[in-house]
Amino acid sequence: MDAVEKANIERQKRWTKDQKVGEGTYAVVYRGREVGVGRKIAIKKIKVGQFKDGLDMSAIREVKYLRELKHRNVIELLDVFSSKTNLNLVLEFLDSDLEMIIKDRSLVFLPADIKSWMAMTFRGLEFCHRNHVLHRDLKPNNLLIAADGQLKIADFGLARDFADPGYKMTCQVITRWYRPPELLFGSRYYGSAVDVWSVGCIFAELMLRTPYLPGDSDMDQLKTIFRALGTPTEEEWPGHTKLPNYVPVGQFLKAPLRDLFTAASADALNLLTRCLIYEPRKRISARDALNHPYFFALPYPTHPSKLPKCAKQVASRPLEEVDGNVEKDSTGPGVHAKNGKLKRKLSSPLDDSKGRTIARRLDFTKQMVT
């Protein structure tokens, strides 16, 4: 036995698997513990043998970037070891995500709660961008929630560095509902603005309690975006008609965001608008977003430990990426309050003109009562 193999076996002995909590095509996730300490961890077992050329590129990317990124709002990679034909990633254990919380109809979000989740998302994203890493798949179920309420950006399988602005990249990234229009039009040269668009969509979803721009196909996604934000003009977005996959998809007038986000504050709408600007170079950066007046106006962000939590956690969930062309169950994982113990209750939902269920409008004008 050589030194490398011996070291690998020693690393493997530090961790034990307890229960399978998720499975996808190429990976299985187990809940486990750190031997001798009892700390909860997650082990993501990647099936190396399934790939023609050996290891999946997404696994390489995930290990590479999580090794480099150490931040309280980015999931922590604790260890990596191999076993037979598997590569095992040991990650900190996080048993819920923002999608589960959004779908939990027993919960109501206060304006300060949304502000807190947005602040943590932008903090983690700013750190990634400062270190020249694009995430390229931000969506609610990739924003995991720790037991202490801290939000952590996870799943770096599509991440890549963007230090060289002239380097060609694929446009087939980011789940469709959170994908910016420049990628839908086939842009191969882009930067951190693609992640900021995704965060804007998440911001809107937190306020609406339903996906903001759910398209059925790439073409329908563009139509959905333009119906909501208006068809861009050449003045608003210079050069967009020259993008590789550009096709005209109809003329739509821009409807004021206030018509849908009726109770949002002026600062909230301004930040949302700046995240969803068509011209990528004019889109707000994660750093500038953290300095936006929205985060400094009352109510101040809720402390993470006091944020709404699911009444119970889903025992297992698939690792398959949820593509935006499938309408997800709007009622979520069926989590309900038990014995009346939850302090926050959901008021009667409202139906919009399209028949989608939307939780009560959030009042961003009132200060949170503690």
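**Two sheets and a helix pair**

Reader: What is the order of the three strands in the open sheet that has strand 6 in it?
Author: The pairing there is antiparallel, where a pair means at least two DSSP bridges between two strands. Heads up, it's a predicted model: local features need pLDDT (the predictor's confidence in each residue, from 0 to 100) of at least 70 and side-chain atom pairs 80 or more, though totals for chains, interfaces and linings use all residues. Residues are numbered from 1 along each chain as its sequence is written, and side-chain values use heavy atoms, leaving out hydrogens and water. With strands (E, at least two residues) and helices (H or I, at least four) being DSSP runs numbered from the N terminus, the order is 6-8-9.

Reader: Why is one side of strand 6 and of strand 9 left without a neighbour in the sheet?
Author: Strand 6 (96-97) and strand 9 (151-153) each have a single partner strand. One side of each is therefore unpaired, because both stand at the edges.

Reader: Which residue is the bridge partner of D97 in strand 8?
Author: Strand 6 and strand 8 (residues 143-145) run antiparallel and are joined by two bridges. In one bridge, D97 pairs with L144.

Reader: At what angle do helix 4 and helix 6 pack?
Author: Axes are lines fitted to C-alpha atoms, for helices over the stretch in contact (heavy atoms within 4.5 Å), and angles run from 0 to 180 degrees between N-to-C directions. The axes of helix 4 and helix 6 (residues 193-208) are 11 Å apart. The two helices pack at about 170 degrees.

Reader: How do the residues of that contact divide into nonpolar, polar and charged?
Author: From helix 4, W117, F122 and L125 are among those taking part, and helix 6 brings residues including V199 and F203. Ala, Val, Leu, Ile, Met, Phe, Trp, Tyr, Cys and Pro count as nonpolar, Asp, Glu, Lys and Arg as charged, and the others, Gly among them, as polar. That gives nine nonpolar, two polar and one charged.

Reader: In the open sheet of five strands, which residue stands opposite E23?
Author: The order there is 1-2-3-5-4, with antiparallel pairing. Seven bridges join strand 1 to strand 2 (residues 27-34). In strand 2, facing E23, is V28.

Reader: Over which residues is the pLDDT below 50?
Author: The protein chain averages 83, and 81% of the residues score at least 70. Where pLDDT is low, the predicted coordinates should not be read in detail. One stretch has 131 contacts in the model beyond near neighbours in sequence, yet its pLDDT is below 50: residues 314-370.
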